[in-house]
Amino acid sequence: MMSVLENLFDSQDLPVSDRVEAWHDITASALIPNEFSIDRAAEFRASLQAVDLGGAQVTALTYASMTSRRTPQLIRQSDPEMYAVGLILRGEQVILQDRCEAPLGVGDLVVYSTSHPYQAVVEAPQGTAASVVVQIPRAMVPLSSNRVDRMLAARMSGREGVGGLLAGFLTHLATDTSLYRPADGQRLGGVLIDLITAWLAHHIDASDQTPAETRQHMQFLEIQDFIRRHLGDVELSPATVAAAHHISLRTLHRLFGSHAHGATIAFYIRRQRLTRARRDLADPRLSARPVHAIAARWGFLRPADFTRAFRTQYGITPSDYRYQIDDFETGTQN
């Protein structure tokens with residue numbers, strides 16, 4: 001088992017005099033070589049976590065204000081021919097490439113190329129900025145490189161639509177502390193590459209160029225997102241999900257059969273509802289809320305149905321689970 005991201009660098013682990021040079025070295029190996037200009041080197045702080053997900057290199061970074069440059073000389077020395085997709089989590093920065101300029105804030109996405117010179121200016125006057133960067137070989141993106149290149153250094157939103165799905169996935173990768181099996185990395189990489197392909201295709205209006213398998217995977221992810229956002233709706237059902245996405249029930253069941261590892265859509269809805277209800281039952285801030293109210297919040301209008309489903313899933317009644325959590329918290333405090 002492993003965490004998604006591996007901690008590779010933290011400036012606090014090094015003497016102040018060594019931090020900038022060490023940052024230069026770790027970014028060159030984990031990302032690509034760049035030149036850095038750092039005004040207050042003595043105050044420099046940064047961290048870096050990374051993982052290779054089946055060819056997609058994911059890096060979560062925090063860093064103080066700085067300017068980085070990918071120069072023609074560095075490109076001539078080594079060019080892995082990759083696209084880089086960045087999501088801003090904290091702070092502000094500007095990416096300049098091919099005479100385009102993208103001023104970026106929290107929640108913004110951008111794509112740039114390792115094969116073209118670029119400059120990134122980071123502003124973090126009150127601490128450190130943070131971002132997630134994904135590097136994928138151009139050959140793994142089944143879209144016209146000429147058309148993708150027209151989008152380089154363009155500010156795009158990560159708050160809605162396909163961009164919202166991609167940003168949510170990247171944020172989860174950067175913050176998740178769960179343990180995964182090595183084989184999960186390949187699966188996560190496949191999901192990530194499909195998301196990036198669909199996101200790029202959406203912005204260049206080239207969805208017809210994406211493979212059918214990628215389009216189906218994206219539709220499946222959109223349906224999962226729809227379900228998670230409507231779990232509290234008592235009318236949520238396979239039929240309403242199919243209608244909301246303008247597909248037949250048969251197509252919906254076939255889609256889940258292909259992408260949900262054997263789980264039916266009804267099972268997925270029930271499991272998501274139970275997961276949210278269990279989380280609320282364990283939340284001390286909701287300890288005064290009755291069990292039946294928590295059940296109703298997540299679409300279980302009949303308490304008996306909720307109790308039966310919860311016990312089947314977790315081997316304990318909702319009330320006993322809450323008491324168990326309370327006893328544990330009380331024992332910990334004592």
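Let's start inside the fold, with strand S10, which has cover on both of its faces. On one side sit Asp108, Val110 and Tyr112, on the other Leu109, Val111 and Ser113, and every one of these residues is buried. Keep in mind as you look around that this is a predicted model.

That two-sided pattern is easier to read with one general point in hand: side chains in a regular strand alternate between the two faces of the sheet. S10 itself covers residues 108-113, and six of its six residues are buried, so "mostly covered" is a fair description given that buried means under 20% relative accessible area.

Which strands does S10 pair with? One is S7, residues 82-90, which runs antiparallel to S10 and is joined to it over five bridges. If you'd like a spot to zoom in on, find Val85, whose bridge partner in S10 is Val111. Another is the strand S13, made of residues 156-157, again in the antiparallel sense but over two bridges. Here you can look for Leu109, which stands opposite Met156 of S13.

Now for the empty spaces. As a general idea, rolling a probe the size of a water molecule over the atoms shows where empty space is left. The largest pocket in this model comes out at a volume of about 1400 Å³. It is lined by 37 residues, and to find its centre you can head for Phe169, Leu221, Gln224, Arg228 and Tyr268, the closest of them to that point.

Which helices help to build this lining? H4 (161-175), H5 (182-204), H6 (212-229), H8 (249-259) and H9 (265-281) each put in at least two residues. The largest share belongs to H6, with nine residues. As for chemistry, the lining of the largest pocket is a mix of 15 nonpolar, twelve polar and ten charged residues.

The second largest pocket has a volume of about 290 Å³. Its lining counts 18 residues, and those closest to the centre are Arg40, Ala64, Ser65, Met66 and Ala124. Strands turn up in this lining: S6 (66-70) and S11 (118-123) supply at least two residues each. S11 gives the most, with three residues. Sorted by type, the lining of the second largest pocket has eight nonpolar, five polar and five charged residues.

For a last look, go back to S10: with S7 it pairs over five bridges, with S13 over two, and its six residues are buried.

Definitions and conventions: Residues numbered from 1 in each chain as written. Predicted model: local features only at pLDDT ≥ 70, side-chain atom pairs only at ≥ 80, totals over all residues. Heavy atoms only, no water. Buried < 20%, exposed > 50% of the residue type's maximum accessible area, 1.4 Å probe, protein only. Helix = DSSP H or I, 4+ residues; strand = E, 2+ residues; numbered from the N terminus. Pairing = 2+ DSSP bridges. 1 Å grid on protein atoms, 1.4 Å probe; cavity = no way out; pocket = protein on both sides within 12 Å on 5 of 7 lines; lining within 4 Å. Points joined across faces, edges and corners; volume = space filled by probe spheres on them. Nonpolar A, V, L, I, M, F, W, Y, C, P; charged D, E, K, R; others polar.
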